[in-house]
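Q: I'm new to this one and would like a quick tour. Can you put it up and take my questions as they come?

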Amino acid sequence: MAALDQTQVKEGVDQDTVDAVREVGGAYKHGWNTDIEMEYAPKGLTPDIVRLISEKNDEPEWMTEWRLEAYERWLTKKEPDWAMVDYPEIDFQDQYYYARPKSMEVKPKSLDEVDPKLLATYEKLGIPLKEQMILAGVEGAEEAPAEGRKVAVDAVFDSVSVGTTFQAELKKAGVIFCSISEAIREYPDLVKKYLGSVVPVSDNFYATLNSAVFSDGSFVYVPPGVRCPMELSTYFRINAENTGQFERTLIIADKGSYVSYLEGCTAPARDIAQLHAAVVEIIVEEDAEVKYSTVQNWYPGDENGKGGIYNFVTKRADCRGDRAKVMWTQVETGSAVTWKYPSCILRGDDSQGEFYSIAIANNYQQADTGTKMIHLGKNTKSRIVSKGISAGHAQNTYRGLVSMHPKAKNARNYTQCDSLLIGDKCGAHTVPYIEVKNNSARVEHEATTSKVDDDQMFYCRSRGMDEEEAVALVVNGFCKDVLQALPMEFAMEAQQLVAISLEGSVG
Amino acid sequence: MALAERRITATEARLEGLQLVKGGWSSAARSDALQRLRQMGLPERRDEYWKFTRPDTLVQPETPKASVFDNDERPIFDGFDRLRIVFVDGVFDAEASDDLSLEGVSIERLADIADKDIHWAKDLYGVLEARGQSPVARPFAALNTAFATDGLMIHVTGKPSKPISLIYTHAKDDSDAILHHVIRVDAGAEATILENGPAAARFNKCMEIDVADTGKLHLVRAQGRDHERRAVTHLFARLGEESTLKAFTLTVNGVLTRNEAVVELTGDDAIAHIAGACVGDGDFHHDDTVFITHDAVNCESRQVFKKVLRNGATGVFQGKILVKEGAQKTDGYQISQSLLLDDDSQFLAKPELEIYADDVACSHGSTSGAIDEDALFYLRSRGVPEKAATNLLTLAFLAEAVQEIEDEALAEDLIERLENWLARRS
């Protein structure tokens, strides 16, 4: 893409297009940091810190207790070491577990009161919270076709939610979309009922840690029969140094409802690795459907593997009712280390789980990601399509489980895992677990590993593309099954990300 | 008790009843192996590598009883001209065996060469096993190297006119046999080794194979039909340039079988094929664990495993292809399939790829399911009774693995036998 800088602008191409292309063609473009006054809790993790986080969020007593219990459990847990990732030991006492912009001390009542610096941060990231809000006030949902579909956004900056857009309009439809801290205060019954019911407090080391210290995140409740009128989106930004981000997302799709949820993440470029341990829980009731799409673009570290985000995430959806449906789509391009397995528990009869993933690792990135499909109900179906791309010195692992329980009669699974290697110093690995415990279940697993096809490259080169462009095109083609599963806006962003992430991987 | 402590206790309890053979060159290799074993300890049910197979009955000091299975069947490989070597409960039986001399191969007993200062086997005994201990520990193989009571050193120097046939007879219901064979195939040499029989109530067998450049070795094994026997076997192979190893195993019974194959392709253009077919019924647990390392250019590896399971039988497949940095032009293929004939049976698989070279074509596939209803319907509509149709489809499924055997006559013989067994069972 560097070639673009020297390219003469051709006739008929306006400067904006060139700038836009140059913009997306840059290296990690979210590496800047916002200079904003922060308020920190002291470093380290103790019961007092847990209490403090709870207090800062104005939480009721039961929540504080819940957290403290999680903290006690966490002390007894061992960090998992089975993933194919290698990183220096993390000193969990050398982290800030709570950081929030000082201006957020008094919660702003509306986005108008939010610190302009914060809004500017999101604007720079391409998420204009304020504009959208104003737009919403001026015109109705149907009248904004020029801007594409409307998306309600919850923006999380380090430890706190900065603001959520379109809340009023969503409320009209009966949809609750707010920060989890707000939900704990406003909808304690819902939170009490569902929090920790999909990912139990003691599920794994990072989930337990998250349960103790999560500071914010998003909460979604879609009432029975409601089709959420717009896409919901959360944007996570880590800004402060030495700060872990521990967000918690809880999505409840009640009977017959539908919601599509998008998640994006970025962080400034820093030399020192930063920790991110999130938990996402999704409850899908009878006939409901949830789409969860992620474009994960945390800072991946520099080309020598210095810095970057350690991304340890637990995501799980529980299809509780019959005919419930969940679809995970992820584009993982960022993070120095990724440890993430969005899973589906297919409990209801005829429920369906889908997992589409693109994981790109370049330079010294390490990604160990995949999914678990637990088939418990009759006629349950799952589909896994995973595309892993490794370049530079990166290691990329697909790790997954397909489990067919004895009662999952006529369950079906199809898994396709493809790996692409660019360069001879990287690695691509596949570690699927398949457990079939009844004979009416049918499981098919296929995996291939190959390199970028010479013929395809030659074709692209002969059409005048430079090598990097050609690789980006071929890789986009390799990923198309997954890209097609993404909501439109995300698909565009993801396609560009695929090109950026591979920059410098050839030649 | 903590896991580490439990492991040490279990390992020491097992070692108590075993005697280290002293004297001769093998004693150094044996004490090294013992040290290795103590370092890793015997497996525990929570070990990742034993996730699908419980090792307890292989670890426990006392041998679980296994009655000798009586049958009037024509012994396997019976019609073939072969050099017969018989072991009864893991002990060489000279009377029952043929004369060990055959052109193109030298065969000696482990016990007979222990005192020889210079012997080719010295460079291999326990050496390939030790190489195969990383990255995954295989404690039963180390135990085998340390305490093997018998075994053959087979040196293939030419092209012997007939297969070498190892027959393992099971006589006592509490026999606990540890056999260790070492096979070296010289450059340009080629041989076929046949193995059959239940061997013992509990059998631990280790085979170390070194195939020099352009050498070829074929292994065809039929594991015994005793219902109650237990076995853990290891095959460690190192392949030189343009060499070939083809191994096939048929398992039709036994309460517990764990077959591990650890193959290293160290010379360019080498070929390794590992295949297996098993038919499990009832209290049957069969585990194929394969680890193939590509460490040279332009090598080919192929794994084909088929399992037919019913009445609560369990089939396990853990297969891995590791392509090291620089092992370009690798062609790695792996398929594991199970046919579950009823609802109680299970298939547990972990087909793994670990790849550090970019110019490779590696793939693996794994499927599990019931008999194809459409195919069954087709056969029935052609007047084939249901049982016969099921058997026919089952046989067709297994045949794909059996056909991996290069020698067509041997493959034919095994398929015929499978056909009879299937017919008798239903």
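What follows is a short chat about this predicted model.

Q: Before anything else, what is the mean pLDDT of chain A?
A: The mean is 83 for chain A. In that chain, 83% of residues reach 70 or more.

Q: And where is the pLDDT below 50?
A: Residues 1-13 of chain A are one such stretch. Beyond near neighbours in sequence, residues 1-13 have 11 contacts in the model. Residues 20-26 of chain A are also below 50. That stretch has 7 contacts beyond near neighbours in sequence.

Q: How should low pLDDT be treated?
A: Where pLDDT is low, the predicted coordinates should not be read in detail.

Q: OK, the overall build. How many helices and strands are in chain A?
A: Chain A has 14 helices and 24 strands.

Q: What share of chain A counts as buried?
A: Of its 507 residues, 54% count as buried.

Q: What about contacts between residues distant in sequence?
A: Take the contacts in chain A between residues at least 6 apart in sequence. Of these, 83% join residues at least 24 apart.

Q: Let's look at helix 10 of chain A. How many of its residues are buried?
A: Helix 10 spans residues 205-213, and 8 of its 9 residues are buried. The buried ones are A:Tyr206, A:Ala207, A:Thr208, A:Leu209, A:Asn210, A:Ser211, A:Ala212 and A:Val213.

Q: What covers them?
A: The cover includes two helices of chain A, helix 3 (47-56) and helix 4 (61-75). It also includes strand 8 (248-253), strand 11 (279-284) and strand 13 (309-319) of chain A.

Q: You mentioned helix 3 and helix 4 of chain A. At what angle do they cross?
A: They cross at roughly 150 degrees, and their axes come within 9 Å. An angle over 145 degrees counts as roughly antiparallel, so helix 3 and helix 4 of chain A are roughly antiparallel to each other. The crossing of these two helices is right-handed.

Q: Which residues make that contact?
A: Helix 3 of chain A brings A:Pro47, A:Val50, A:Arg51 and A:Ser54. Helix 4 of chain A brings A:Met63, A:Thr64, A:Arg67, A:Leu68 and A:Tyr71. By class, the contact has 5 nonpolar, 2 polar and 2 charged residues.

Q: Switching to chain B. How do helix 7 and helix 8 of chain B pack?
A: Helix 7 (residues 373-381) and helix 8 (residues 386-402) of chain B pack at about 130 degrees, with their axes 9 Å apart. That angle makes helix 7 and helix 8 of chain B oblique to each other. Their crossing is right-handed.

Q: Which residues meet there?
A: From helix 7 of chain B, the residues are B:Ala375, B:Leu376, B:Leu379 and B:Arg380. They meet B:Glu386, B:Ala389, B:Thr390, B:Leu392 and B:Leu393 in helix 8 of chain B. The classes are 6 nonpolar, 1 polar and 2 charged.

Q: How many residues of chain A and chain B are in contact with each other?
A: 29 residues of chain A are in contact with 32 residues of chain B. On the chain A side, strand 22 (412-422), strand 23 (427-436) and strand 24 (442-451) each supply at least two residues. That side divides into 11 nonpolar, 11 polar and 7 charged residues.

Q: Now backbone oddities. Which peptide bond is cis in chain B?
A: The bond from B:Ser134 to B:Pro135 is cis, with omega near 5 degrees. B:Pro135 sits in the loop between helix 5 (127-131) and helix 6 (139-147) of chain B.

Q: What about positive phi outside glycine?
A: A:Asp287 has a phi of about 60 degrees. A:Asp287 lies in the loop between strand 11 and strand 12 (289-296) of chain A. A:Asn410 has a phi of about 55 degrees. The loop holding A:Asn410 runs between strand 21 (395-404) and strand 22 of chain A.

Q: Is A:Asp287 buried or exposed?
A: A:Asp287 counts as buried because it has 21 C-beta neighbours inside 10 Å. A:Asn410 has 16 other C-beta atoms within 10 Å, so A:Asn410 is partly exposed.

Q: One last stop. Where is B:Leu152?
A: B:Leu152 is in strand 4 (residues 152-156) of chain B. With 24 other C-beta atoms within 10 Å, B:Leu152 is buried. Leaving aside neighbours within four places in sequence, its contacts are B:Ile85, B:Ile107, B:Glu108, B:Arg109, B:Leu110 and B:His181.

Methods: Residues are numbered from 1 along each chain as its sequence is written. Chains are lettered from A and ligands numbered from 1 in the order in which they are written. This is a predicted model: local features need pLDDT of at least 70, side-chain atom pairs count only at pLDDT 80 or more; totals for chains, interfaces and linings use all residues. pLDDT is the predictor's confidence in each residue, from 0 to 100. A residue is buried if 20 or more other C-beta atoms lie within 10 Å of its own, exposed if 12 or fewer, and partly exposed in between; C-beta atoms are placed from the backbone. Helices (H or I, at least four residues) and strands (E, at least two) are DSSP runs, numbered from the N terminus. Axes are lines fitted to C-alpha atoms, for helices over the stretch in contact, and angles run from 0 to 180 degrees between N-to-C directions. Angles under 35 degrees count as roughly parallel, over 145 as roughly antiparallel, 65 to 115 as roughly perpendicular and the rest as oblique. A crossing is left-handed if the near helix is turned anticlockwise from the far one by less than a right angle, and right-handed if clockwise. Ala, Val, Leu, Ile, Met, Phe, Trp, Tyr, Cys and Pro count as nonpolar, Asp, Glu, Lys and Arg as charged, and the others, Gly among them, as polar.
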